[in-house]
Amino acid sequence: MSKAPHRTQVGIVGAGPAGLFLAHLLHRHGIESVILESRTREDVEGTIRAGVLEQWTVDLMEDLGLGERMAREAHFHRGITLRFAGESHHLDFEDLTGGKRVTVYPQHEVLKDLIAARLAQCGEIQFGVRDVALHDLTSEQPRLTYTTGEGEPAELRCDFLVGCDGSQGTARRHIEGRTEYGHLYPFGWLGILVEAPRSHHELIYARHERGFALLSTRSPEIQRLYIQCGPTDDPADYPDELIWSELHRRLETVDGWTLTEGRIFQKGVIGMRSFVCDRMQHGRLFIAGDAAHIVPPTGAKGLNLAVADAVYLSRGLECFYRTGQAGELERYTDTCLRRIWKAERFSWYMTTLLHTNPAESDFEHRIRLADLDYVVHSQAAATALAENYVGLPLD
Ligand code: RFL
Ligand code: PHB
């Protein structure tokens, strides 16, 4: 038996950072929403992904009253270390940007805070739904049909639909007249989680002839590390000894710094790509986050970019409901794309700067080395990197 159709102002598909931040921002403006999520709450809250938040994302969490646990448990870093040719170069972002910091607070912890707070506001998130389909996008009453977690067919009538369904989502396919731009990188990252104390108090990004390596953290007891690998490598082909030997070689320095090893309890390979869909709306459907754009993880931008879309869309919807004017909503794609292309540029730049690429010519290789040398010795170049890393201001 079908449930009676249910109504809300904004129907959101996907309970990732884009969908959950959007629901909170709308709630702040008194706009109702319902989120439909295909995974279970445990799965959403247990998937390990990003680690780094831009300064304004941190400020927004605080503004939404969601900053309490983050203030206690996140790691706040002054900057990062770039390491190459066996030497470390510290970039002090706090100095370079007038006080902005790098916040390491894992994505799944952000999601736990957003979900708990949304449910405490009696906001509706339906987990474990299937067969979500979008209808009547160019009418004033678009709809979502789906199967509930209990297996019942259901319908949600809305004023607006938002596809926050991530890189594998299908909402994007409904955007007519879109052009998609993509770039594939000839490498991926092997990421590991390790039970070990911290080896360094900040993130280290290393370029080495054997490939990139990144040292990050999750907690005082759990560390997150990555090494450059082939885009489709199988983690099973990387025994622990090989991973440690690569990490030591890629991260080693002439000043005797050492990496602390520990038990590796998770391994995974991620491919790297850049992608932009140049239209993010059609009729009463909008898309936000990874549904519309993807960046390689080197610049730590993906989650933050998803949140920026949610901010711009919430502003447009707030203006629409308050004044009846759709102008800001109509400019949603253009407003988002200005930020998206800058984040795409920065993520591509960091990736190209720090990875070895067998397809690169000797000339290009030397240009990269000159670029690294420039970044760590020029205040102007270091400032440009810093302001992008900690996050450009929202328009
Ligand atoms: P998400 O997080 O993928 O969420 C989409 C949600 O939609 C659900 N869904 C559906 N629900 C109902 N019906 C359907 N038909 C559905 N189809 C999909 C999915 O189950 C999911 O819950 O997208 P969103 O919200 O746009 O957020 C994007 C971010 O998650 C992503 O950009 C970041 O994780 C990228 N990223 C990083 N970003 C940063 O800002 N800083 C970092 O340090 C950082 N590190 C990373 C990263 C991504 C990584 N991987 C694994 C790709 C490190 C890694 C390794
Ligand atoms: C992470 O901690 O997972 C992480 C940190 C920085 C990045 C990407 C991922 O650039």
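Helix H8 (302-323) gives the most to the shell around ligand 1, with four residues, in a predicted model where local features need pLDDT of at least 70, side-chain atom pairs count only at pLDDT 80 or more, and totals for chains, interfaces and linings use all residues. Residues are numbered from 1 along each chain as its sequence is written, chains are lettered from A and ligands numbered from 1 in the order in which they are written, and side-chain values use heavy atoms, with hydrogens and water left out. Helices (H or I, at least four residues) and strands (E, at least two) are DSSP runs, numbered from the N terminus.

Helix H1 (17-28), like H8, supplies at least two residues of the shell around ligand 1. A residue is near a molecule if one of its heavy atoms lies within 4 Å of it, and of the 29 residues around ligand 1, Glu37, Arg49, Gln107, Asp290 and Leu303 come nearest. By class, this shell holds 14 nonpolar, nine polar and six charged residues, where Ala, Val, Leu, Ile, Met, Phe, Trp, Tyr, Cys and Pro count as nonpolar, Asp, Glu, Lys and Arg as charged, and the others, Gly among them, as polar.

The backbone also takes part in polar contacts, that is, pairs of N or O atoms within 3.5 Å: a backbone N or O atom of alanine 18 lies 2.9 Å from an oxygen atom of ligand 1, and one of serine 38 lies 3.1 Å from a nitrogen atom of ligand 1. The protein covers 85% of the 1,000 Å² of accessible area that ligand 1 has on its own, as computed by the Shrake-Rupley method with a 1.4 Å probe.

Around ligand 2 there are 14 residues, the closest being Tyr205, Ser216, Arg218, Tyr226 and Pro297. Side-chain polar atoms lie 2.6 Å from an oxygen atom of ligand 2 in serine 216, 2.7 Å in arginine 218 and 2.6 Å in tyrosine 226. The protein covers 97% of the 280 Å² of accessible area that ligand 2 has on its own. Ligand 2 lies between domain 1 (6-73 + 105-181 + 274-346) and domain 2 (77-104 + 185-271 + 361-390), because both give residues to its shell; the domain bounds come from an automatic or database domain assignment.

Strand S15 is among the elements that give two or more residues to the shell around ligand 2, and four bridges join S15 (residues 203-206) in parallel to strand S6, strands being paired if DSSP finds at least two bridges between them. Arginine 83 stands opposite alanine 206 in S15.

Definitions and conventions:
A polar contact is a pair of N or O atoms within 3.5 Å; within protein, one must be able to donate a hydrogen and the other to accept it, and residues adjacent in sequence count only if both atoms are side-chain atoms.
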